[in-house]
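Biologist: I am new to this structure. Please take one part and go through it closely.

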Amino acid sequence: SSLLILSQSAIAAEWQRGLSIGGFNKVNLYVPDTVSEIGNGKSLMIVLHGCTQSIDAYLTANLETAADKHGMVIAVPDAVNKAGFSCWSYWQGTKSRSAGDYKNLITLANDLKADTRYNIDTDQVYIAGLSSGAAFANTTACLAPDVFAGMGISAGPSIGTSSNGALGPCESADVRARCLSYAGSFASHFDTQIASIAQGDKDTTVNQCYNDQNSSGMAAVYGVSS
């Protein structure tokens, strides 16, 4: 007979599904065995779904590859206050740290940071999203730059635009002014925030004008040039 011994790190982490955390009724959570190569502990990435999209779609999006490599906890919450087509309602309601899903996302981040089981580095908390989730992530990161050290915006309409601007002609937005106004007294935290903004060049759903508008707007917030 033979004896097979596996180390703790050799056991693959698995998705925890349908958790109730931070004001959300359903969150899919992936916790890697690894820790971040920088900072202290694991990083955290909150990922926001797009319209008509289930959070379970992200179970097969290869997020585990990045999570394992970079020691990153992944949390994918299902929006509570959905608009039409199950979108994150970035064009509705009060844009405030204490309102709706903005409050829920900040609470989610803080609750996960506070749970010692996850060993999350408070300086490495990020938020990302697709389409309506991207616009909502951008708004949330502008509201709470003290909480979110960075944002990942994929094919997102600009913050503060209407629902008509999502699928129709490009809607002009002063992203810099809006982001700074959302932040208010927390604006000094933009000094250390980062943004990754991207869109497929064959995207026929969300107007590609927003990619340039978002990137130039956030660059202006950070005071960096092209």
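Modeller: What follows is a close look at one strand, then at a helix that packs with it. The model is predicted. Its mean pLDDT is 93, and 95% of the residues reach 70 or more. The start of the chain is another matter: pLDDT stays under 50 over residues 1–11. For that stretch the model has 3 contacts beyond four places in sequence.

Now to strand 2, residues 24–30. Strand 2 is mostly covered, with 5 of its 7 residues buried. Strand 1 runs antiparallel to strand 2, and 4 bridges join them. Across this pairing, Tyr30 in strand 2 stands opposite Trp15. The two strands form a hairpin, with 2 residues between them. Gly22 sits in that turn and has a positive phi of about 55°.

Strand 2 also pairs with strand 4. Here too there are 4 bridges, and the strands run antiparallel. Leu29 has Ala75 of strand 4 as its bridge partner.

Next comes helix 2. Strand 2 is among the elements that cover its buried residues. So are strand 1, strand 3, strand 4, strand 5 and helix 3. The buried residues of helix 2 include Tyr102, Leu105, Ile106, Leu108 and Leu112. Asp101 and Asn104 are buried as well. Helix 2 has 15 residues, 100–114, and reaches 21 Å from its first C-alpha to its last. That is close to the 21 Å expected at 1.5 Å a residue.

For contrast, take a loop residue. Asn62 lies between strand 3 and helix 1. Asn62 counts as exposed because its relative accessible area is 57%, and the cut-off is over 50%.

Technical notes: Residues are numbered from 1 along each chain as its sequence is written. This is a predicted model: local features need pLDDT of at least 70, side-chain atom pairs count only at pLDDT 80 or more; totals for chains, interfaces and linings use all residues. Side-chain values use heavy atoms; hydrogens and water are left out. The expected span of a helix is 1.5 Å times one less than its number of residues. Buried means under 20% relative accessible area, exposed over 50%, partly exposed in between (1.4 Å probe, protein chains only). Contact means heavy atoms within 4.5 Å. pLDDT is the predictor's confidence in each residue, from 0 to 100. Two strands pair if DSSP finds at least two bridges between them.
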